[in-house]
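Morning, everyone. Please look at the model on the screen while I talk through its rings and one of its strand residues.

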Amino acid sequence: MANAAYKAARGLCRDFGEVEQLQVSRKGPADFVSSADHKAERTLVEELTRARPKFGFLVEEGGEIKGEDSSNRWIIDPLDGTTNFLHGIPHFAISIGLERDGRMFAGVIYDPLRDELFWAETGGGAFINAQRLRVSARARLGDALIATGMPFKGRASHPEYPVMLDSVWAATSGVRRFGSAALDLAYVAAGRYDGFWEFALSPWDIAAGLVVLREAGGIVSEVDGGDRMMESGDILASNGHLHEYLRELLAQAAAAGR
Ligand code: 2AM
Ligand code: CA
């Protein structure tokens, strides 16, 4: 998984270097970025197929590819943080999850510009490159730094979201919105953020992050506390200590915002 990520990252980095020049062209970089995205996806599918020929895939661009081995499936986002990439903002990642018998089993999230590889396998702990990862110990909301993603154009609206945001920034030491759900989860795992919530994500945005975060000692649920994150795409992640506080805070805000 790491090798596949490293290989796809070389192309992404080359293409990212070109984006700024493209911004001055009339057509704009959107087509270019979507071709960078497709190329990275092809590299990942090729490399992972070479390593495990029978596994299936669920990929952002290519959809579902059935494998001979029905218990193992790669869930891949070749470029998480596409909007950042498109705007020349250096914050994006490759995300590769391995689902085994319907449960997320392993995950790799690679930030090629910082050369940070977040990875974990169920039962084996979580790592950043060769170093062990651990969630933060912060247990007071007032000390917490919380990441989020805002509902974006074209998605079902979440009228309660602004009320949630309002109550979270008022209760914590700050809110960040960096635009890559995979890295948001990796950063909670690394103890950089103390929590993260977002609605309506896709399975490939969170597949790898779920494993990395759990193995780093964190907790993930749906925003309302349920456990069908991969189906709903609604996610609340935390260092564990703050989980109930955050869930409660968001639930109160949701009730007020409806
Ligand atoms: P993407 O970059 O692969 O699209 C940001 O809030 C998170 O939501 C990112 O992980 C981003 O993944 C995902 N997302 C999915 N569709 C999006 C869209 N239309 N606009 C912005 N972010 C989107
Ligand atoms: Ca994504």
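I'll start with how the model is handled, then turn to the aromatic rings, then to Leu-117.

This is a predicted model: local features need pLDDT of at least 70, side-chain atom pairs count only at pLDDT 80 or more, and totals for chains, interfaces and linings use all residues. Residues are numbered from 1 along each chain as its sequence is written, chains are lettered from A and ligands numbered from 1 in the order in which they are written, and side-chain values use heavy atoms, leaving out hydrogens and water.

Rings first. There are 10 aromatic pairs in the structure. Take Phe-85 and Phe-92: their ring centres are 4.9 Å apart and their planes meet at 70 degrees, so this pair is edge-to-face. To pair, ring centres of Phe, Tyr or Trp (its six-membered ring) must lie within 6.5 Å; planes under 30 degrees apart are stacked, over 60 edge-to-face, the rest tilted.

Buried or exposed, Phe-85? Buried, at 0% relative accessible area. Phe-92 is buried too, at 1%. Buried means under 20%, exposed over 50%, partly exposed in between, with a 1.4 Å probe and protein chains only.

One aromatic cluster is made by Phe-118, Phe-178, Tyr-187 and Tyr-193.

Now Leu-117. This residue is in strand β6, residues 116-121. Strands are DSSP runs of E, at least two residues, numbered from the N terminus. Leu-117 is buried, at 5%. Beyond four places in sequence, Leu-117 touches residues including Ala-2, Tyr-6 and Phe-127; contact means heavy atoms within 4.5 Å.

Note on methods. Helix = DSSP H or I, 4+ residues; strand = E, 2+ residues; numbered from the N terminus.
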